[in-house]
There are 2 protein chains.
Amino acid sequence: MTQGFSFSQDACDGAARACTYSTPHGVIRTPCFMPVGTQGCVKGVFPQTLAASGASVVLANTYHLLLRPRLEVLERIGGVRAFMRWQGALLTDSGGFQALSLQDLVKVEEGGIVFRSHIDGTTLHLTPELAMHAQRSFDSTIAMALDECVPSTSSVERLRTAVERSALWAERSIAHWRKENIEGKERALFGIIQGGLNLALRRLSIERTLALGFDGYALGGFAVGENAPQRNAMLERVAPMLPANQPRYLMGVGKPRDLVESVACGIDLFDCVVPTRSGRTGQAFCFADEDTDTTRLATRNLRNARYKNDVQPLEQTCPCPCCEQGFSRAYLHHLVKAGEMMASMLLSAHNLFFYQRLMTRTREAVCEQRFAKFFDSVREQHDDGHNPDA
Amino acid sequence: MTQGFSFSQDACDGAARACTYSTPHGVIRTPCFMPVGTQGCVKGVFPQTLAASGASVVLANTYHLLLRPRLEVLERIGGVRAFMRWQGALLTDSGGFQALSLQDLVKVEEGGIVFRSHIDGTTLHLTPELAMHAQRSFDSTIAMALDECVPSTSSVERLRTAVERSALWAERSIAHWRKENIEGKERALFGIIQGGLNLALRRLSIERTLALGFDGYALGGFAVGENAPQRNAMLERVAPMLPANQPRYLMGVGKPRDLVESVACGIDLFDCVVPTRSGRTGQAFCFADEDTDTTRLATRNLRNARYKNDVQPLEQTCPCPCCEQGFSRAYLHHLVKAGEMMASMLLSAHNLFFYQRLMTRTREAVCEQRFAKFFDSVREQHDDGHNPDA
């Protein structure tokens, strides 16, 4: 493992595990959710609020930051963490996912990805080498190899090409990463596994990627077309093939229940825009039973007229800036209806706190060997309709 | 003066004055700027941030709150202060200004204002009696009489009608206000002077309104069509006609320099959307010289490319959440360009802190009998082009 980093498993319960990942920018207790700050900013949430929520890692995106504010600005300022005033750890995605999400503006070539900027139409050649150099300059705690991400339900041929290309780029990524290493300022580099819903290709991708010796491994190519049962079936087979003594990161997943289901397969790290994006559309994630040891989940759509006169906070015992200051559901309903950005601010903060609390409860359940019961209670929402807004 | 309220002049320097207005919801030191929270929310700024900025009064709007969330919701919840979690004082405008700003949806009749809701098209008959009843239910610290506001440059006939109607409504307002008074929960009611740029009509309006015996007096009908020299010329004549032993409130004004110019005429209270609206368009108000006792003003447009690599905070010594956390101008530039709501949040908070700091410096200058010099330095920005962005 790279200097300055260490990884240890604190407990496990079935395939679920609780680990400690020490980095030069703080300790990460897993399972861990990483808030998404694509452009160097978690939408609507101050860094100090992220810290208060218990977030230890924030995610940003190489492609977006290369276009704006651009590499030279971030180099001058000393990286993304300094730029956005975030003292915790930073994980940067490489830009491979944007080749999928911005596909109309993209051409994937053997040498790398050619983007037509979504901002001004200029061309960006994102090679593995540039992705590595950029993430060094960004002061990323954890960098990601450049990969090619395709829809998980693509044809075998398409999936195979992506696996092969990702493996080649992984090789070039790690070579350049090592070349640019600065002693005393070592950072982690994760490889990314592709292969969609094809088990043989996932196995091939794992074989090719693990051979290169990364600091951790990510499962890419999920949350891009498949449904949850398909994903879980694949994760159950694939996650155990990843080294037990290194972090396992499932990219882009997901909703609260998805996270716990993935933990059940052995995943450690997550990122997703759901808590902030949902906050901006008036949706709050809550625990349905605050006073029990079960963990039924409730999703509240604050736009719903049922909240018009509801003087309760979202949750009585939630320590987030929204609940803790006593804002009522009635007020949140009003803010959402009135189009006030304060609604997005309060609900995004609440949801990020919720995700951290969910991960903490999950970790406790693993450590206390009661993960199976916990897992059942999380799934209950969907099974018996206890969701108050269902 | 109404029970629970007291007003005293602490110092004066020329016509400028520094007063203390004690209310059941806190002490207001003047000159005082009141942040605008039209719909029961100051856009993008948490109540605790308002309190930290030194704001003692927040403004909300009767018309908007009557339409949404509606009177019955606010009655059930115990008023606007409880609803928005604001512990300081609350001033509510009556809705007279909306008859002007939403004129396509409005018919002004002798009995009151008939609004077609800008939300759902339903009809709202805003009478003086309803305006008073609503503001009682809102738990407003300071309520405003219902007035008719017309453009300041309207014809004499139009201005005269507005003055007469405002006087009649003021009479009905105060009568109903007294009728609904609850012992031990007395609140203040201010009258509003109209008359546009016509001195004789201003004098008439003052005469008619003062005769009714309000707790304070507001100058309405400014910032609705005239330019700053026209306004200042009128304020110089009109402000001294208002009782010295009661608060004087200039409605809807203005930019930083406008406030100081109005203080020079004897105004105590202000409200304006400029600090938050400017924040949402990427503009920051700053002191140009932080280390001197002068107060040149600088307006920074963070969208400007000059800030791309500027690692300084907006101001070194500003205690706002933006400057204090060390966000650089380069980062603010990035956030504005990237369309992140964080830009609005940080700049709105900074601007509200700036307005409070400006009022504090103004008060100090009055108390220390150096207002004239202070006034000159504030005006310097516009006179000599020292504004770094000019």
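Start in chain A of this predicted model and select A:Asp139, which sits in the loop that runs between helix H6 (128–137) and strand S10 (142–144) of chain A. Its phi is near 65°, a positive value, and the residue is not glycine. As background, most residues other than glycine have a negative phi.

**Helices H6 and H7 of chain A**

Keep H6(A) on screen and add helix H7 (residues 156–179) of chain A; the two axes come within 8 Å and cross at roughly 40°. H6(A) is therefore oblique to H7(A). The crossing of this pair, H6(A) and H7(A), is right-handed.

To see the contact, show side chains on both helices. From H6(A), pick A:Pro128, A:Glu129, A:Ala131 and A:Met132; they meet A:Trp169, A:Arg172, A:Ser173, A:His176 and A:Trp177 of H7(A). Coloured by class, the residues of this contact between H6(A) and H7(A) come out as five nonpolar, two polar and two charged.

**Helices H13 and H14 of chain A**

Next select helix H13 (residues 329–337) and helix H14 (residues 341–367) of chain A, whose axes come within 7 Å and cross at roughly 130°. That angle makes H13(A) oblique to H14(A). H13(A) passes H14(A) in a left-handed crossing.

On the H13(A) side of the contact, highlight A:Leu332, A:Leu335 and A:Val336; on the H14(A) side, highlight A:Met342, A:Ala343, A:Leu346 and A:Leu347. What classes of residue make up the contact of H13(A) with H14(A)? Seven are nonpolar, with no polar and no charged residues.

**A cis bond in chain A**

Move to A:Pro31, in the loop between strand S3 (26–29) and S4 of chain A. The peptide bond that leads from A:Thr30 to A:Pro31 is cis, with omega near 0°. For context, most peptide bonds are trans.

**Chain A as a whole**

Zoom out to show chain A alone. A cartoon view has 15 helices and 16 strands to display. The radius of gyration of chain A is 20 Å, close to the 21 Å that the globule rule gives for 390 residues, so chain A is as compact as a globular protein of that length. Along the principal axes, the C-alpha atoms of chain A fill a box of roughly 60 × 45 × 40 Å.

**The two domains of chain A**

Colour residues 6–271 of chain A as domain 1 and residues 278–384 as domain 2, following the domain assignment. Taken over C-alpha atoms, the centres of these two domains of chain A are separated by 27 Å. Their contact takes 27 residues from domain 1 of chain A and 26 residues from domain 2 of chain A.

Now look at the domain 1 side of that contact. Strand S1 (6–13), strand S2 (16–23), strand S4 (32–34), helix H1 (47–53) and helix H10 (256–263) of chain A each supply at least two residues to the side that touches domain 2. Which element gives the largest share of this side of domain 1 of chain A? H10(A) does, with five residues. By class, this side of domain 1 of chain A divides into 16 nonpolar, five polar and six charged residues.

**Across to chain B**

Bring chain B back into view: 31 residues of chain B are in contact with 31 residues of chain A. On the chain B side, the elements that give two or more residues are helix H3 (71–77), helix H4 (80–84), helix H13 (329–338) and helix H14 (341–367) of chain B. H13(B) provides the largest share of the side that touches chain A, six residues. By class, the side of chain B that touches chain A has 15 nonpolar, nine polar and seven charged residues.

**Helices H13 and H14 of chain B**

Stay with H13(B) and add H14(B): the axes come within 7 Å and cross at roughly 130°, and the two helices are therefore oblique to each other. The crossing in which H13(B) passes H14(B) is left-handed. The contact is made by B:Leu332, B:Leu335 and B:Val336 of H13(B) with B:Met342, B:Ala343, B:Leu346 and B:Leu347 of H14(B). This contact of H13(B) with H14(B) has seven nonpolar, no polar and no charged residues.

**Last stop**

Finish at B:Gly254, in the loop between strand S13 (248–250) and helix H10 (256–263) of chain B. A cis peptide bond, with omega of about 5°, joins B:Val253 and B:Gly254.

Terms used. Residues numbered from 1 in each chain as written. Chains lettered and ligands numbered in written order. Predicted model: local features only at pLDDT ≥ 70, side-chain atom pairs only at ≥ 80, totals over all residues. Contact = placed C-beta atoms within 7 Å. Helix = DSSP H or I, 4+ residues; strand = E, 2+ residues; numbered from the N terminus. Nonpolar A, V, L, I, M, F, W, Y, C, P; charged D, E, K, R; others polar. Axes fitted to C-alpha atoms, helices over the stretch in contact; angles between N-to-C directions. Parallel < 35°, antiparallel > 145°, perpendicular 65-115°, else oblique. Left-handed = near helix turned anticlockwise from the far one by under 90°. Domains from an automatic or database assignment. Rg over C-alpha atoms; globule rule 2.2 N^0.38 Å.
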